[in-house]
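These are my notebook entries on a structure that I had not looked at before. I wrote down what I looked up, in the order in which I came to it.

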Amino acid sequence: MIEIAPSILSADFTRLGEQIEAAERGGATIIHVDVMDGHFVPNITLGLPVVRSLARATRLPLDTHLMISEPGRYAEQFAEAGARMVSVHIEVDPHIHRTLASIRKRGAKAGVVINPATSLSALDEVLNYVDYVLVMSVNPGFGGQEFIPTSVEKIRRLSRTIRERGLDVRVEVDGGIGPENIAQVAAAGAEIFVAGTAVFGQPDPAAATRELLNAAAQLV
Ligand code: DX5
Ligand code: ZN
């Protein structure tokens, strides 16, 4: 099932509640929350207090994408704060098996994230322990970047591996997604589409979300 996960990184932070409602009206079923620490990535965004408030403000599941060093110290706290999905970059966690288990223990879905330059082979030993894989189609840190075209083939190969191994793991994609490329990425096997600029960078986030859903349905 195709789902749009608008990223609040591109939203107006003075009226987050309203913006999320607009995205929901347009058919968004997940809200993507980018947590950046200014260390793993060259940008700082938000943390636990904002996640706690958002969890009270919306019924939609919050998908927290942790772009932080030492995610093992914090992942569980994000689940406790109300995030129903928590994802951790494999590049920064030498004990990711433990971190993923700590997320699931709190009742949230556990995800692993890979950067554009991280090989799919890095996932071999973790695929059995995740609910979803988040494939970065830009280098993490900022919204509004251009989609890296080789991500399509990477997603296709990952989806094939998941199928061949008979796993119940969903593929999410993040970065540079818009109406012009979403169908192609969906055809490669991605199911959850993060979109910042393409939703909250638009004058009407509800209409923009609807447009993405329609474009994704034009499966090639
Ligand atoms: C980038 C973030 C993304 C970002 C996507 O580091 O992980 O979630 O908000 O923004 P767009 O859709 O504008 O590329
Ligand atoms: Zn993200």
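I began with the zinc ion (ligand 2) of this predicted model, and noted that its donor residues are spaced in sequence as H-x1-D-x30-H-x108-D. The protein donors are H32 (NE2), D34 (OD), H65 (ND1) and D174 (OD), lying 2.0 to 2.3 Å from the ion, where a donor is an N, O or S atom within 2.8 Å of the metal (3.2 Å for Na, K and Ca), and since water is not among the atoms, sites may look incomplete.

Which arrangement do the 6 donor atoms around the zinc ion (ligand 2) make? They subtend angles of 71 to 170 degrees, so the arrangement is octahedral, a term for six donors with opposite ones over 155 degrees apart and all others between 65 and 115. I noted for comparison that ideal angles for six octahedral donors are 90 or 180 degrees.

On conventions, I wrote that residues are numbered from 1 along each chain as its sequence is written, while chains are lettered from A and ligands numbered from 1 in the order in which they are written. Because the model is predicted, local features need pLDDT of at least 70 and side-chain atom pairs count only at pLDDT 80 or more, whereas totals for chains, interfaces and linings use all residues, and side-chain values use heavy atoms, with hydrogens and water left out.

Next I checked the surroundings of the donors, and found that H32 and D34 are both buried, meaning under 20% relative accessible area, with exposed over 50% and partly exposed in between (1.4 Å probe, protein chains only). S7, in the loop between β1 (3-6) and α1 (16-25), is also buried, at 4% relative accessibility. Leaving out residues up to four places away in sequence, S7 touches H32, D34, V194, A195, G196 and F200, a contact being heavy atoms within 4.5 Å. S7 and H65 are 58 residues apart in sequence and 9.9 Å apart in space, C-alpha to C-alpha.

I then followed H65 into β3, whose faces are both covered, with L62, T64 and L66 buried on one side and D63, H65 and M67 buried on the other. Helices (H or I, at least four residues) and strands (E, at least two) are DSSP runs, numbered from the N terminus. β3 pairs in the parallel sense with strand β2 (residues 31-36) over 6 bridges and with β4 over 4 bridges, where pairing needs at least two DSSP bridges between the strands. The bridge partner of V33 in β3 is T64, and that of H65 in β4 is S87.

Moving on, I saw that strand β4 (residues 85-89) runs parallel to β5, joined by 5 bridges, and that β5 pairs with strand β6 (residues 132-136), again in the parallel sense, over 4 bridges. In strand β5 (residues 109-114), 5 of the 6 residues are buried, so this strand is largely enclosed by the rest of the structure.

I also stopped at E70, in the loop between β3 (62-67) and α3 (75-80), which has a positive phi of about 55 degrees although it is not a glycine. Is E70 buried or partly exposed? With a relative accessible area of 46%, E70 is partly exposed.

Last, I looked at the whole protein chain, which has 8 helices and 8 strands, and in which buried residues make up 53% of the 220 residues.

Notes. Four donors count as tetrahedral if all angles lie between 85 and 135 degrees; four count as square planar and six as octahedral if opposite donors are over 155 degrees apart and all others between 65 and 115; anything else is irregular.
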